[in-house]
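Work through the exercises below with the sequence and the model open beside you. Try each task before reading its solution.

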Amino acid sequence: MPQVRIIAKNFMDMVASLPAIKLDKLYENAFICEAILRSLPPLAKKYVLQLLYIDVPVTANSLQEWVLADGASKHRVAVDRLIQLRVFTETVDRKKEATYRLNPMFQMNLREHIVHGGVLPREPMAANITVRLPSLEELDNYAAQQWECFLLHLINSAEAEVTTKSISASMMKVFQRGLLSQRDREGSRLTESGFQFLLMDTNAQLWYIIREYISNSEDRGVDSADLISFLLELSFHVTGEAYNINTLDDVQRTTVKDLADLGLIKLQQGRKDSWFIPTKLATNLSISLSDASSRKQGYVVVETNFRLYAYSTSKLHCEILKLFSRVEYQLPNLIVGSITKENLYKAFANGITADQIISFLQQNAHPRVAERVPSVPENVTDQIRLWESDLNRVEMTPAHFLDDFPSRDVFEAACDFAREYSSLLWEDSKKMRLIVKTEIYAHMKEFLNNQK
Amino acid sequence: MTSVTTKQYTDDVSLLMVLVDTNPLFWSSTTTSFSFSKFLSQLLSFLNSILLLNQLNQVVVIASGFNSCDYVYDSSLGPTNQRVETLLQKLEEFVSKDEELNRDDSVDGIGSSLLSGALSMALCYIQRVFRSGSLHPQPRILCLHGSQDGPGQYVAIMNSIFSAQRSMVPIDSCVIGSQHSTFLQQASYITGGVYLRPQHLDGLFQYLTTVFATDLHSRNFLQLPKASGVDFRASCFCHKKTIELGYICSVCLSIFCQHHKKCSTCGSAFGKPQTSDSTTNQKRKAPDT
């Protein structure tokens with residue numbers, strides 16, 4: 001199944017893939033230690049806490065003794081993760097016994113945190129300097145709007161040009177890479193992964209974009225470790241508080257500008273100072289993908305007669321629904337459509353899978369239907385899956401047809417040869433004809449020449 | 001792709017209600033070097049570490065004093081950077097207020113603190129969280145208790161325990177006194193929590209982090225201390241004495257240490273007591289050791 005490859009599933013996977021030296025340097029920042037700890041599986045968190053005040057290496061056995069038989073796999077996962085992130089250093093002594101100890105830098109930072117409590121990365125500005133801060137609700141709206149604008153821009157550069165102000169063209173190129181295929185004549189067109197991208201939830205989309213942003217950072221002359229540490233630090237700021245922009249260095253300032261375009265941050269200018277206000281998108285960055293506490297309210301109701309009602313005013317939602325349904329009419333706050341075979345075929349042709357459509361409908365179910373099980377009627381989900389499997393009834397394999405064998409022996413030998421490579425698709429022993437896969441054809445020819 | 005059934009909250013997000021014993025009579029009686037201030041510094045580190053584990057974790061501290069109990073700290077309110085200061089300040093206010101209230105009609109004699117009140121407050125808070133919507137962390141209660149049990153609170157505490165059991169809230173107990181607490185043994189046993197009386201109180205922090213910091217999800221895979229024996233003895237409703245043998249009302253299950261004409265709880269009339277060799281209407285509640 002073609003997918004948007006989320007190589008690193010979240011921030012921490014990306015951190016884990018950094019080289020050891022960079023990783024050790026990252027742990028000098030207390031916020032990163034905190035974010036790393038929070039990203040660990042529950043069992044791993046417990047181990048870290050347990051070993052926090054133990055200075056000598058602990059044997060693997062003494063750790064394992066805490067775990068019940070059922071949890072052995074979870075234990076393995078937890079310890080592997082800790083070693084992968086270099087939070088644990090594993091040493092195997094002469095008696096072949098593994099011992100673990102915490103990364104000293106990491107340990108020190110966490111101890112500090114536990115004794116002194118959490119500190120903020122930087123002090124928010126006093127209320128009398130900042131003019132008027134947006135309320136949390138306004139901020140959320142701003143973030144959602146900005147993000148939506150960005151997505152619209154992403155899928156439909158021409159149309160959105162008017163609405164979005166200033167996402168720099170070069171940045172946009174970075175983000176569009178992989179999602180849009182550039183064709184000179186007919187303009188850009190969404191690729192398969194682009195369609196799938198649109199159906200993901202906001203957190204997943206955000207992560208995808210941020211990952212592109214980070215992996216591209218070296219080209220812009222920014223150290224990826226610095227960028228990661230800044231982004232993580234950002235997620236520890238308090239949503240809705242203003243922070244003075246002068247506390248940032250140059251690199252961070254340009255980063256902040258880019259992030260403001262995505263809706264992660266709101267920039268405001270006062271008389272003398274300017275400041276940035278992190279939105280929920282930014283503070284949720286370090287949370288893992290599965291954690292959907294920032295989930296938006298759903299808006300889609302699907303009926304058993306394949307009608308689809310979306311209570312939404314958003315243009316983006318309409319665009320997304322158009323990917324797999326026929327929008328029949330649009331009222332100020334309601335989009336009415338129906339899921340038809342033709343539209344689904346179009347979606348499948350674009351590389352969207354039935355499961356993705358169904359999961360999108362389920363994830364965005366209107367609160368009224370979300371409580372029901374299942375939230376999308378079963379006959380609809382079944383039908384979507386059936387229509388998808390309809391398309392896969394015929395499987396195509398490039399092949400070659402061979403006949404006119406000089407003798408039965410040669411024919412049999414050829415059949416066996418093809419079978420050996422599991423490339424024999426069809427044989428007719430009476431008329432001595434067979435069909436083999438294309439990839440083996442060259443070998444086959446060689447084989448037959450040798451037979452003669 | 002993200003999975004279809006993304007959970008609203010990950011499994012290990014917890015709401016920890018910590019009940020702290022601030023009974024001055026207990027803390028003044030501790031003979032060991034383990035003082036209240038030492039206890040507090042270890043507790044504060046523990047609270048910090050709980051909040052460190054997950055940004056959605058929530059900690060609420062309820063102080064149960066000699067005469068009253070009150071919320072001392074709630075991590076969902078207020079900024080993160082002045083946790084300790086706010087907690088200590090509130091605690092100080094609470095202790096001095098607790099001192100002013102003079103409990104005249106002390107049924108239990110000296111030395112017990114208001115565990116029942118604190119438990120009820122914790123359960124009320126949890127109920128409020130449950131009702132706030134489908135998005136809520138997994139609650140659990142941790143009792144850090146040192147003073148001896150007050151038999152007068154038996155009914156109230158048992159009611160709290162059963163209500164906790166009903167709402168699937170485990171009650172963990174860490175007994176810091178010199179004696180085991182029957183109430184807390186039962187509470188943890190019934191609600192599926194952990195009961196522990198640390199041997200070395202100086203290392204309280206290590207006990208707290210290794211045992212009590214474990215979230216409910218991870219507990220399924222871990223071997224946590226098991227109660228070695230639970231004292232199931234009940235207190236009678238009439239004199240609040242802990243009894244092994246007694247009378248029990250067949251209608252409302254109230255327990256009495258001697259025969260009455262009528263149940264003081266539900267009012268049903270009792271028949272004559274049978275001769276002492278017959279044990280038909282006597283309910284035996286033996287300690288299960």
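Two residues are in contact when heavy atoms of theirs lie within 4.5 Å. The model used here is predicted.

**Exercise 1. A residue in the core**

Task: List what A:F324 touches, leaving out residues up to four places away in sequence, and place A:F324 in the largest nonpolar core.

Solution.
Step 1. With residues up to four places away in sequence not counted, A:F324 touches A:L199, A:L308, A:I339, A:N343, A:L344, A:A347, A:I357, A:F360 and A:L361.
Step 2. The largest nonpolar core has 145 residues, and those that touch the most other members are A:V87, A:F324, A:L361 and B:F46.
Step 3. The element that gives the most to this core is helix 2 (residues 36–53) of chain B, with 10 residues.
Step 4. Another core, of 34 residues, lies apart from it; B:M17, B:A164, B:A234 and B:I243 are among its residues.

**Exercise 2. The two chains**

Task: Describe chain A and chain B by secondary structure, burial and contacts.

Solution.
Step 1. Chain A has 22 helices and 15 strands, while chain B has 7 helices and 11 strands.
Step 2. Of the 452 residues in chain A, 51% are buried; of the 289 residues of chain B, 50% are buried.
Step 3. Take the contacts in chain A with a separation of 6 or more: 66% of them are between residues 24 or more positions apart.
Step 4. In chain B, among contacts between residues at least 6 apart in sequence, 65% join residues at least 24 apart.

**Exercise 3. A pair of packed helices**

Task: Describe how helix 4 and helix 6 of chain A pack.

Solution.
Step 1. Two packed helices are described by the angle between their axes and the distance between the axes.
Step 2. For helix 4 (residues 42–51) and helix 6 (residues 72–84) of chain A, the angle is about 65° and the axes are 8 Å apart.
Step 3. The crossing of helix 4 of chain A with helix 6 of chain A is right-handed.
Step 4. From helix 4 of chain A, the residues A:L43, A:A44, A:Y47 and A:V48 meet A:K74, A:H75, A:A78, A:V79 and A:L82 of helix 6 of chain A.
Step 5. Sorted by class, this contact of helix 4 with helix 6 of chain A has 7 nonpolar, 1 polar and 1 charged residues.

**Exercise 4. Enclosed helices**

Task: Explain why helix 12 and helix 18 of chain A, and helix 6 of chain B, are described as largely enclosed.

Solution.
Step 1. A residue is buried when its relative accessible area is under 20%.
Step 2. In helix 12 of chain A, 13 of the 14 residues are buried, so this helix is largely enclosed by the rest of the structure.
Step 3. Helix 12 (residues 202–215) of chain A reaches 20 Å from its first C-alpha to its last, close to the 20 Å expected at 1.5 Å a residue.
Step 4. Helix 18 of chain A has 8 of its 10 residues buried, so it too is largely enclosed by the rest of the structure.
Step 5. The buried residues in helix 18 of chain A include A:I357, A:F360 and A:L361.
Step 6. A:Q362 also lies in helix 18 (residues 354–363) of chain A, but with 26% relative accessibility A:Q362 counts as partly exposed.
Step 7. In helix 6 (residues 182–191) of chain B, 7 of the 10 residues are buried, so this helix is largely enclosed by the rest of the structure.
Step 8. Those buried residues are B:F183, B:L184, B:Q185, B:Q186, B:A187, B:S188 and B:T191. They pack against helix 4 (115–131), strand 4 (138–145), helix 5 (154–166), strand 5 (171–175) and strand 6 (195–196) of chain B.

**Exercise 5. Positive phi**

Task: State where A:R86 and A:D404 lie and whether each is buried, partly exposed or exposed.

Solution.
Step 1. Most residues other than glycine have a negative phi.
Step 2. A:R86 is not a glycine, yet its phi is positive, near 60°.
Step 3. A:R86 sits in the loop between helix 6 and strand 2 (88–92) of chain A, and with a relative accessible area of 29% it is partly exposed.
Step 4. A:D404, also not a glycine, has a positive phi of about 60°.
Step 5. A:D404 is in the loop between strand 13 (399–402) and helix 21 (408–420) of chain A, and with a relative accessible area of 71% it is exposed.

Note on methods
Residues numbered from 1 in each chain as written. Chains lettered and ligands numbered in written order. Predicted model: local features only at pLDDT ≥ 70, side-chain atom pairs only at ≥ 80, totals over all residues. Heavy atoms only, no water. Axes fitted to C-alpha atoms, helices over the stretch in contact; angles between N-to-C directions. Helix = DSSP H or I, 4+ residues; strand = E, 2+ residues; numbered from the N terminus. Left-handed = near helix turned anticlockwise from the far one by under 90°. Nonpolar A, V, L, I, M, F, W, Y, C, P; charged D, E, K, R; others polar. Expected span 1.5 Å × (residues − 1). Buried < 20%, exposed > 50% of the residue type's maximum accessible area, 1.4 Å probe, protein only. Core = buried A, V, L, I, M, F, W, Y, C linked by side-chain atoms within 4.5 Å.
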